[in-house]
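Got the viewer open? Here's a tour, one selection at a time, with a note on what you'll find at each stop.

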Amino acid sequence: METGAPVIELVGVSKSFGGVAALRDIDFVLQAGEIHGLVGENGAGKSTLMKIIAGVHGDYVGELRLDGRETRFRSAGDALAAGVGMVHQELSIAPDLSVGENVFLGTQPVNKAGIVQWRRMVEDARRLLAGLGLEIDPRARIGDLPIGLQQMVEIARVLFSGARIIILDEPTSALSPPEVERLFSLLRRLREDGRSIVFISHFLDDILRVADTVTVFRNGRRIATTPASETRKAALIERMIGAGHEELGESYRADIRLASASAAPVVLQASNLSLGRAYRDVSLELREGEVLGLYGFMGCGQIELVRTLFGKLKPDGGVLRIAGTEVRLASTSAARRAGIAFVPESRRSMLFHAEPLYKNTSVSALERISRLFLKPAREREMAHAQIDKLQIRPPRAEALVGSLSGGNQQKVGLAKWLSFPPKVLILSEPTRGMDVGAKEDVVRIVRGLRAEGLAILVASTEPETVLSLADRIMVMKKGAVVREFENEVISKDRLLEAA
Amino acid sequence: MTASVTDEKRRARRAGVGALLRGQMRNIAPFLTLICLIAFFSFASPSFPTLDNVGNILTQVSVTGIIAVGLTFVILCAEIDLSIASVANATGIVVAYFTAQESYVNIANLPLPGAAAIALAFLACTLLGLLNAFGITFIGIPSFIMTLAMMQIAAGISALLVRGQIAYKVPDLVATLGAGSIGGIPWIVIVAAVLLLAGHLVLTYTRFGRYVYIVGGNREAAEYSGLNVKLIIGTVMVISAVSSGIAGMLGVAHFGSAQQNEFDTYLLDAIAAVVVGGTSLFGGRGGIGNTIVGLFVLGVLNNGLDHVKIDSFLKILIRGLILLAALVINVYAQRLRETAEE
């Protein structure tokens, strides 16, 4: 490893979105031939910073120096031309094209007439991939390869476009352990070639294994930069969430007492559910009048798991029981009839924006109030009951849902299940993008429903959401349940450490 | 009532009259088009604005109107059915095939009592609709492609049954409803009106009708609300095929013959009527009221062009241009609505 000169230097960089500061006065240095880990919670500012370096955000305050010269990238193409490439969490490959075509996407070798020179492309791709230690047939359809190899082909593409600075956003979240090993050996090889790598990840163990340097972000500020060999996971977590003396630290470090599993009857029971690469061997029990929290990073499999419980995805294996009876949920309507309600994470997939509020709140209950003909008066009555109960504003049954604020839309998405309460309520990211007041409303509503005896499952990638709502907590990591917390005192740092 | 009126006013004031108008563009534009067309033809030709001619127009749009009832359901669900004309043709031929023909008709048919022939015709169009439904929901073929295949299948059934010949006789009930009249009003107009009304009532006042709008408005949200989206889409495909079947039977009686390809123009006419009327091609907006306006726009246009001195070949081009204009308005209205909602 060469002791590098700085290739990228940021001095006093700030960036805000619509008046909300995302980055405040950041200084950051990336050396040649180093792997630099970037850690921080969701919204800490690490992705924003990397998008500035990769040219996605051209509008910021402060200075960016490339090889010591001040510069400003206006577009991702701009940055790539200067040698900075980014590989996003969602790969941007064309799955139906061959490996070779993906390596040269948009820059295929052509002859004078503009015809693609296939043989040359295949040979070049084979040579370039072999240079990275990858024995892949360039003629293979890339969609047929495992995710890990697809990702490496994308890294290869960024390299061949001339990048000497490569930014990887959450590269290991979808990889199996052997694939992670393979990626790491590729990254070490690139480091030996003198390239620089920024590695953004929630997986602190991965960061500590491969990175030379680690930088911690919190609330748009750079908190610390240390050599990876001189720090530990616990120390990183403490910096990510703020130590005791920090202004917001108190609430983050506060201990939360979890209940023990109650003696109430089990409503929903899953045994050894598995689904492809998404998750495997998941077992859980959900009882009347309790809230079970499901926590894990993006891509840990919880999105797929909750969709399986609602009949949207079908598991490859395992058994699902409702009130002791084995069920096979063939569709979402079968799940609804079995008494399961689901509020998805995106408002787009739960609401009918062009329809008035009362048609939104009645949609899942129509079958129970009308056999053949609609009963609009009854629907409005139901809407008003929910408006009062959940304090939806404006309190008008005729209001178009598209005209409501985000927090109120979220309440409508919940309200549609409550007129005829289900047995099981599954909430996915119930507080995403909400302000503090709206989050408190959610906590109050969920507590109220629990008191009514509902069995509630809350799945979230935000630790605060799970901690503030759940009686018991299960932690998922890369498709498996890795920890269960109950009847003990827990805090955010312990939760993060488990994931 | 007073409360909702003041509510309405308050909302209008808040959003601005312009936004309200833009939101209603989908319903206003086709109606204005219709009024302009009527005004133009009344002015251009004295033979156009007569009671007799109104009767002509009504009769001329009846077959299209019956097909358009089912098609409105389909398009409201954001699907399409290209097999309507073909299914109508096949059903008309089926009903003739099971009716005793004159001795000079050279078709190896199977004469049955009229009721049985009608029942078999209904069975035929229902089965074709079910096949569409199966392909679209269970196998997952896009409706555009599935019904394109069905268009060929139904045409094939027609061809096999008549083998290039023409049949003339249909059961008495079908003959009366298709070609007879009562008190000067053609039965076919009455049937079309009743079916359009029935379609409107189903869409507006029943749970199923609500589901049709909900599925068309946001299919993903409908599924996450626990609705059986496949069942709803399958049902509208069957409704469409049965509407087409009824139109096919009455149409055969109306035209006085059953032969291949005699409904071909009704595919475009029915789609045009629904879309020109303002029902959104993206689903969830519109309804039978829009379809009726669309039917009259097309009916007045077709009929009116016969009353003014115009090159009959040019008429085809004019129809095409008017259809294009309506499509532009349809897509534009969708966009305006979306901006008005924001």
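Start with chain B and select helix 4 and helix 5: these two helices are roughly antiparallel to each other, a label given to angles over 145 degrees (under 35 is roughly parallel, 65 to 115 roughly perpendicular, and the rest oblique). Their packing angle is about 155 degrees, and the axes sit 8 Å apart. Axes here are lines fitted to C-alpha atoms, for helices over the stretch in contact, and angles run from 0 to 180 degrees between N-to-C directions. For the selection, helix 4 of chain B covers residues 84–97 and helix 5 of chain B covers residues 114–139. Helices are DSSP runs of H or I with at least four residues, strands are E runs with at least two, and both are numbered from the N terminus.

Turn the pair to view the crossing of helix 4 of chain B over helix 5 of chain B, which is right-handed: the near helix is turned clockwise from the far one by less than a right angle, and anticlockwise would make it left-handed. Show side chains at the contact: helix 4 of chain B brings B:V87, B:A90, B:T91, B:V94 and B:V95, while helix 5 of chain B brings B:A117, B:I118, B:L120, B:A121, B:A124, B:C125 and B:L128. Contact requires C-beta atoms, placed from the backbone, within 7 Å.

Before going on, a word on what you're looking at. This is a predicted model, where local features need pLDDT of at least 70, side-chain atom pairs count only at pLDDT 80 or more, and totals for chains, interfaces and linings use all residues. Residues are numbered from 1 along each chain as its sequence is written, with chains lettered from A and ligands numbered from 1 in the order in which they are written.

Now colour by pLDDT, the predictor's confidence in each residue, from 0 to 100. Chain A has a mean of 87, with 96% of its residues at 70 or more. Pick out residues 244–252 of chain A, where pLDDT is below 50; this stretch still has eight contacts in the model beyond near neighbours in sequence. Chain B averages 89, and 91% of its residues score at least 70. At residues 1–5 of chain B the pLDDT is below 50, and this stretch has zero contacts beyond near neighbours in sequence. The model's overall scores are ipTM 0.82 and pTM 0.81.

Next, the inside. Which residues touch the most other members of the largest nonpolar core? Select A:I426 and B:V95, out of 177 core residues. Such a core is a set of buried Ala, Val, Leu, Ile, Met, Phe, Trp, Tyr and Cys residues joined through C-beta atoms within 7 Å. Buried means 20 or more other C-beta atoms within 10 Å of a residue's own, exposed means 12 or fewer, and partly exposed is in between, with C-beta atoms placed from the backbone. Helix 11 of chain B (residues 229–255) gives the most to this core, with 14 residues. Around A:I426, leaving out residues up to four places away in sequence, you'll find A:V306, A:L309, A:F310, A:I340, A:A341, A:F342 and A:L457.

Stay in chain B and select helix 9 (residues 207–217). Nine of its 11 residues are buried, so helix 9 of chain B is largely enclosed by the rest of the structure. Those buried residues pack against helix 13 (366–369) of chain A, along with helix 3, helix 8, helix 10 and helix 11 of chain B.

Move to helix 12 and helix 13 of chain B, which pack at about 120 degrees with axes 6 Å apart. That angle makes the two helices of chain B oblique to each other, and their crossing is right-handed.

Finish with some backbone details. B:N261, in the loop between helix 11 and helix 12 of chain B, has a positive phi of about 60 degrees although it is not a glycine. B:N261 is exposed, with 12 other C-beta atoms within 10 Å. Over in chain A, A:D67 has a positive phi of about 50 degrees and is not a glycine either; look for A:D67 in the loop between strand 4 and strand 5 of chain A. Last stop: the peptide bond from A:R393 to A:P394 is cis, with omega near -5 degrees, and A:P394 sits in the loop between helix 14 and helix 15 of chain A.

Conventions
Contact = placed C-beta atoms within 7 Å.
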